[in-house]
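Please look through the structure below with the sequence at hand. The paragraphs that follow walk through its helices and the contacts between them.

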Amino acid sequence: MWERYNVAGQQSMSAGKHKDAESHFQLALTEAEKLGETDARLPTSLNNLANCLRAQGRLEEAEPLYQRALSVKEKAVGPFHKDLVVILENYATLLKVSNRQNEAAKLERRAQGIFKMT
């Protein structure tokens with residue numbers, strides 16, 4: 001079910017149907033939560049839902065999702081893994097939109113450092 005919800009969310013986002021995407025991503029997150037903190041689908045679901053909320057301008061709701069996605073992913077793969085880059089970049093985008101340039105720059109530097117290591 002997780003994959004079905006996630007794909008439907010991606011398709012809805014691509015079509016600009018953010019409310020539909022949000023519903024699908026929320027269902028994907030519910031499924032991922034059942035799989036536990038160590039399952040890779042959890043941070044993916046958190047990141048996707050956060051991206052959807054950010055696209056709707058709901059930055060305050062999106063930020064804790066990015067933070068949790070980053071935390072869960074770091075616990076699973078360590079602080080320097082390439083799989084962190086996407087979450088870091090997406091979170092940095094939110095921070096830029098929120099006029100928090102210094103915080104965004106820190107995340108971008110971290111993402112660049114990880115990218116260079118891989």
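Which residues does L94 touch, not counting residues up to four places away in sequence? They are R54, L59, A62, E63 and Y66. The model is a predicted one, and every value here was computed from it.

L94 also has a place in the largest nonpolar core, which has 32 residues. Within that core, L88 and L94 touch the most other members. Each of the helices α1, α2, α3, α4, α5 and α6 supplies at least two residues of this core.

Next comes the helix that holds part of this core, α5. At 1.5 Å a residue, its 13 residues should span 18 Å, and the C-alpha atoms at its ends are 18 Å apart, so the expected and modelled spans agree. Its buried residues include L88 and L94, together with V85, I87, N90, Y91, A92 and L95. The buried residues of α5 pack against three helices, namely α3, α4 and α6 (101-117).

Just after α5 comes N99, with a positive phi of about 60°. Most residues other than glycine have a negative phi. N99 is not a glycine, yet its phi is positive. This residue sits in the loop between α5 and α6. With a relative accessible area of 65%, above the 50% cut-off, N99 counts as exposed.

Helix α3 covers residues 41-55. Its 15 residues should span 21 Å at 1.5 Å a residue, and the end C-alpha atoms are 21 Å apart, which agrees. Of these 15 residues, 11 are buried, so α3 is largely enclosed by the rest of the structure. The buried set consists of L42, P43, S45, L46, N47, N48, L49, A50, N51, C52 and L53. These residues pack against α1 (2-14), α2 (18-35), α4 (59-77) and α5 (85-97). After α3 comes G57, which has a positive phi near 80°.

Now to the residues of α4 that L94 touches, E63 and Y66 among them. E63 lies in helix α4. Is E63 buried or exposed? Its relative accessibility is 14%, and the limit for buried is under 20%, so E63 counts as buried. The side chain of E63 makes a polar contact of 2.9 Å with the side chain of R100. Leaving aside neighbours within four places in sequence, E63 is in contact with R100, Y91, L94 and L95.

Y91, one of these contacts of E63, leads to the aromatic rings. A search of the whole structure finds 1 aromatic pair. The pair is formed by Y66 and Y91: their ring centres are 5.8 Å apart and their planes lie at 20°, so the rings are stacked. The limit that matters here is an angle under 30 degrees. Y66 lies in helix α4 and Y91 in helix α5, so the pair ties together parts that are 25 residues apart in sequence. Both tyrosines are buried: Y66 has a relative accessibility of 0%, and Y91 has one of 8%.

To bring these points together, the contacts of L94 include E63 and Y66. E63 is in contact with Y91 and L94, while Y66 is stacked with Y91. The packing of α5 against α4 is stated for its buried residues as a group, and both Y91 and L94 belong to that group.

Definitions and conventions: Residues are numbered from 1 along each chain as its sequence is written. This is a predicted model: local features need pLDDT of at least 70, side-chain atom pairs count only at pLDDT 80 or more; totals for chains, interfaces and linings use all residues. Side-chain values use heavy atoms; hydrogens and water are left out. Helices (H or I, at least four residues) and strands (E, at least two) are DSSP runs, numbered from the N terminus. The expected span of a helix is 1.5 Å times one less than its number of residues. Buried means under 20% relative accessible area, exposed over 50%, partly exposed in between (1.4 Å probe, protein chains only). Contact means heavy atoms within 4.5 Å. A polar contact is a pair of N or O atoms within 3.5 Å; within protein, one must be able to donate a hydrogen and the other to accept it, and residues adjacent in sequence count only if both atoms are side-chain atoms. A nonpolar core is a set of buried Ala, Val, Leu, Ile, Met, Phe, Trp, Tyr and Cys residues joined through side-chain atoms within 4.5 Å. Rings of Phe, Tyr and Trp (its six-membered ring) pair if their centres lie within 6.5 Å; planes under 30 degrees apart count as stacked, over 60 as edge-to-face and the rest as tilted.
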